[in-house]
Amino acid sequence: MVCVRQATFDDLLDIQNINAVCLPENYRLNFYINHILTWPRLLHVAEDNRKIVGYVLGSLDEELSYCHGQIASLAVLRTHRNRGYATKLMRAAEQAMRDVYGAGSVSLHVRKMNNAAFCLYSKTLGYK
């Protein structure tokens with residue numbers, strides 16, 4: 001059974017590995033360390049039988065006059081897709097942005113050719 005929880009420092013190597021396997025834009029470990037120190041409540045992982053199979057990396061746009069959340073990265077291992085893990089990860093990030101940081105809105109960017117992600121964000125999650 002899948003468990004979505006807040007990430008810890010012990011999860012960062014797994015998160016970095018999932019990012020490298022799933023996405024074309026990759027980050028050094030220092031990026032994740034800085035992120036978890038800056039926004040500790042906006043990095044979540046999905047676990048299946050105690051194995052991390054996905055993550056979501058949220059942040060806040062601090063340059064605006066209001067609190068606005070952003071999804072920087074979302075990835076689920078190919079072997080665990082189409083099981084609702086990405087939706088659960090996104091909901092956890094959105095809730096933390098809203099409840100912990102007071103974000104009134106959330107945005108993200110998706111490549112036009114990424115049909116699966118576009119469908120997830122627009123149809124399942126209601127992004128425009």
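## A guided tour, starting at His44

At 8% relative accessibility, His44 counts as buried, because buried means under 20%. Select His44 as your opening stop, and keep in mind that the model on your screen is predicted. This histidine sits in strand β2. Now show what surrounds His44: leaving out residues up to four places away in sequence, it touches Val4, Arg5, Gln6, Ala7, Gly54, Tyr55, Val56, Leu89, Ala92, Ala93 and Ala96.

**The sheet**

Next, switch to a cartoon view and follow the strands. How many strands form the open sheet, and in what order? There are 5, running β1-β2-β3-β4-β5, with mixed pairing. Select β1 (2-6) and β5 (105-108): these stand at the edges with a single partner strand each, so one side of each has no neighbour in the sheet. From one strand to the next, the twist averages 25 degrees.

Zoom in on β2 (residues 43-48) and β3 (residues 51-61), which run antiparallel and are joined by 6 bridges. To see a facing pair, pick Glu47, which stands opposite Ile52 in β3.

**Helices on the sheet**

Now add helix α1 (residues 12-22). It packs on the sheet and touches β2, β3 and β4 (68-76). Look along β3 and compare directions: that of α1 makes about 90 degrees with that of β3. Then select helix α3 (residues 85-99), which also packs on the sheet, touching β1, β2, β3, β4 and β5. The direction of α3 makes about 155 degrees with that of β4.

**Leu12**

Go back to helix α1 and click on Leu12, which has its place there. Is Leu12 buried or exposed? Its relative accessibility is 3%, so Leu12 counts as buried. Leaving aside neighbours within four places in sequence, Leu12 is in contact with Leu29, Tyr32, Ile33, Ile36 and Leu43. Try a distance on that last one: Leu12 and Leu43 are 31 residues apart along the chain, and their C-alpha atoms are separated by 9.8 Å.

**The largest pocket**

For the final stop, select Leu74, Asn114, Ala117, Leu120 and Tyr121. Of the 31 residues that line the largest pocket, these are the closest to its centre. The space in this pocket is about 790 Å³. Which elements give two or more residues to the lining? They are β4, α3, β5 and α4 (115-124). Strand β4 gives the most, with 7 residues. Colour the lining by class and you will find 16 nonpolar, 10 polar and 5 charged residues.

Technical notes: Residues are numbered from 1 along each chain as its sequence is written. This is a predicted model: local features need pLDDT of at least 70, side-chain atom pairs count only at pLDDT 80 or more; totals for chains, interfaces and linings use all residues. Side-chain values use heavy atoms; hydrogens and water are left out. Two strands pair if DSSP finds at least two bridges between them. Helices (H or I, at least four residues) and strands (E, at least two) are DSSP runs, numbered from the N terminus. Axes are lines fitted to C-alpha atoms, for helices over the stretch in contact, and angles run from 0 to 180 degrees between N-to-C directions. Contact means heavy atoms within 4.5 Å. On a 1 Å grid over the protein atoms alone, a cavity is a set of points where a 1.4 Å probe fits but cannot get out, and a pocket is an open set with protein on both sides within 12 Å along at least five of seven lines; lining residues have an atom within 4 Å of a point. Grid points are joined across faces, edges and corners, and a volume is the space filled by probe spheres set on the points. Ala, Val, Leu, Ile, Met, Phe, Trp, Tyr, Cys and Pro count as nonpolar, Asp, Glu, Lys and Arg as charged, and the others, Gly among them, as polar. Buried means under 20% relative accessible area, exposed over 50%, partly exposed in between (1.4 Å probe, protein chains only).
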